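Open the model in your viewer and keep the selection box at hand. We will go from one stop to the next, and at each you will hear what is there.

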Amino acid sequence: MKQTLLDSTQLNARLKHLNSALENPWQVVDQKLHKTFVLKNFIQAFGFMTQCALAAEKMNHHPEWRNVYKTVEINLTTHESGGITALDFELAQMMEQFADHRS
């Protein structure tokens, strides 16, 4: 099912809500929801990515990401909709929960 793109007002409101308690906030970069997570070590980063991958697969919504040692760089966008949708924020929130359990 194709997701509806968020307009700038909706996007800003959701971003503010998502970032409200975060020290390292999500940002919009190149029309994608972006964040870099720095974990304790490679095992922590790989475990985090595994949890995220399982959740993403259940949602049928897959991140663009890259991992170097303990750093995981993530970009979220809904490709079939051509931009950021509520689905991206849902996955971002899950990722925050997974990261919290690893800190």
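The tour below starts at the chain's beginning, moves to a surface patch and ends in a pocket. This is a predicted model, in which local features need pLDDT of at least 70, side-chain atom pairs count only at pLDDT 80 or more, and totals for chains, interfaces and linings use all residues. Residues are numbered from 1 along each chain as its sequence is written, and side-chain values use heavy atoms, with hydrogens and water left out.

Select T4 to begin, in the segment before α1 (8-19). T4 counts as exposed because its relative accessibility is 64% (exposed means over 50%, with a 1.4 Å probe and protein chains only). Now add A21: the C-alpha atoms of T4 and A21 are 26 Å apart in space, with the two positions 17 residues apart in sequence numbering.

Next, select F42, I43, F46, V68 and Y69, which together form a nonpolar patch on the surface with about 540 Å² of accessible area. Helix α2 (residues 42-59) contributes the most, three residues. Zoom in on Y69, in the loop between β3 (64-68) and β4 (71-76); at 52% relative accessibility, Y69 is exposed too. Patch members have over 30% relative accessible area and no salt bridge, with nonpolar side chains joined within 5 Å.

Last, select N60, H61, T78, E80 and L87, the closest to the centre of the second largest pocket among its 11 lining residues (lining means an atom within 4 Å of a point on a 1 Å grid; a pocket is an open set with protein on both sides within 12 Å along at least five of seven lines, for a 1.4 Å probe). The volume is about 190 Å³.

How values were computed: Grid points are joined across faces, edges and corners, and a volume is the space filled by probe spheres set on the points. Patches are made of residues with over 30% relative accessible area and no salt bridge: like charges are joined within 9 Å, nonpolar side chains (Val, Leu, Ile, Met, Phe, Trp, Tyr) within 5 Å. Accessible areas come from the Shrake-Rupley method with a 1.4 Å probe; for residues, only the protein chains shown count as cover. A salt bridge is a side-chain nitrogen of Lys or Arg within 4 Å of a carboxyl oxygen of Asp or Glu. Helices (H or I, at least four residues) and strands (E, at least two) are DSSP runs, numbered from the N terminus. Buried means under 20% relative accessible area, exposed over 50%, partly exposed in between (1.4 Å probe, protein chains only).
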